Amino acid sequence: MAVLYLLPAYLGETSPKDIFSPREIELLHTLKFFVAENQKSARKFIKFLCPDITQSELSISILDKRTTEEELEYLSQPLKNGEDVGLISEAGLPCIADPGNILVSWCHRHDIRVVPITGPSSIILALIASGLNGQNFAFNGYLPIDSNERKKTIVNLEKVSRNQGSAQIFMETPYRNQALFDDLIKYLNPKTSLCIATNVTLPNESIKTLYCKDWKAKKPNFHKEPTIFIVQA
């Protein structure tokens, strides 16, 4: 029976190779069929981890948020034929802030085994390094772009955190980091904790948790850098 392997990708091109499981390197050398959100970046990652692989022998199908049911049936054809397939995320673990869950769901409906492979997740790594509640937390993806909607969301997340004692995790497109930070400082209670985790696993990694009132005196340098934000009231 075919297997869908969930293969973590690096969080940046300077990620250390030793954060990846030897099992993943072994699988990359045996798999011929892959599914990814972007073919070019998937091939780049495979070359990063296994430079000896002949790229022309690989078949990489695209799965993104625009993938239709018809396209899903097409890209899942190798699995139907009994071929193992690797699902590669753009960054970190597949299916977290990633559309790969569509294929995983298809596999469960068609009785195809799904095997997750150990690897980095900026969301989980940021949480465990934040000092915030790792027993009660929620990942909220991206916050609204519209300023009024974003304000409502920030205030609501703080309210949920206060009522539940939970850590609320979210992210932003890197070039909008500063705008989000400014809104967090503006709308959150001064004594609400805010963790800013930038370039997780990279050489210039920075993970810091402070009260919002203390962040006001700081100037985080994270423009255009991948960043995870965590709030706990």
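## Model confidence

In this predicted model, helix H3 (residues 69-75) has the lowest mean pLDDT among the elements of the protein chain, 90, and strand S10 (residues 227-232) has the highest, 98. pLDDT is the predictor's confidence in each residue, from 0 to 100; helices (H or I, at least four residues) and strands (E, at least two) are DSSP runs numbered from the N terminus. For the protein chain the mean pLDDT is 94, with 100% of its residues at 70 or more.

Local features need pLDDT of at least 70, side-chain atom pairs count only at pLDDT 80 or more, and totals for chains, interfaces and linings use all residues. Residues are numbered from 1 along each chain as its sequence is written, and side-chain values use heavy atoms, leaving out hydrogens and water.

## The parallel sheet

An open sheet of 5 strands, paired in parallel, follows the order S3-S2-S4-S1-S5. Strands S3 (59-62) and S5 (113-116) are its edges, each pairing on one side only; pairing requires at least two DSSP bridges between two strands. Strand S2 (residues 33-36) runs parallel to S4 and is joined to S4 by 4 bridges. Valine 35 stands opposite leucine 87 in S4.

## Helices on the sheet

Helix H1 (residues 22-30) packs on the sheet, touching S1 (3-7) and S2, and its direction makes about 125° with that of S1. Contact means heavy atoms within 4.5 Å; angles run from 0 to 180 degrees between N-to-C directions, with axes fitted to C-alpha atoms, for helices over the stretch in contact. Helix H2 (residues 39-49) lies across S2, S3 and S4, at about 140° to S3.
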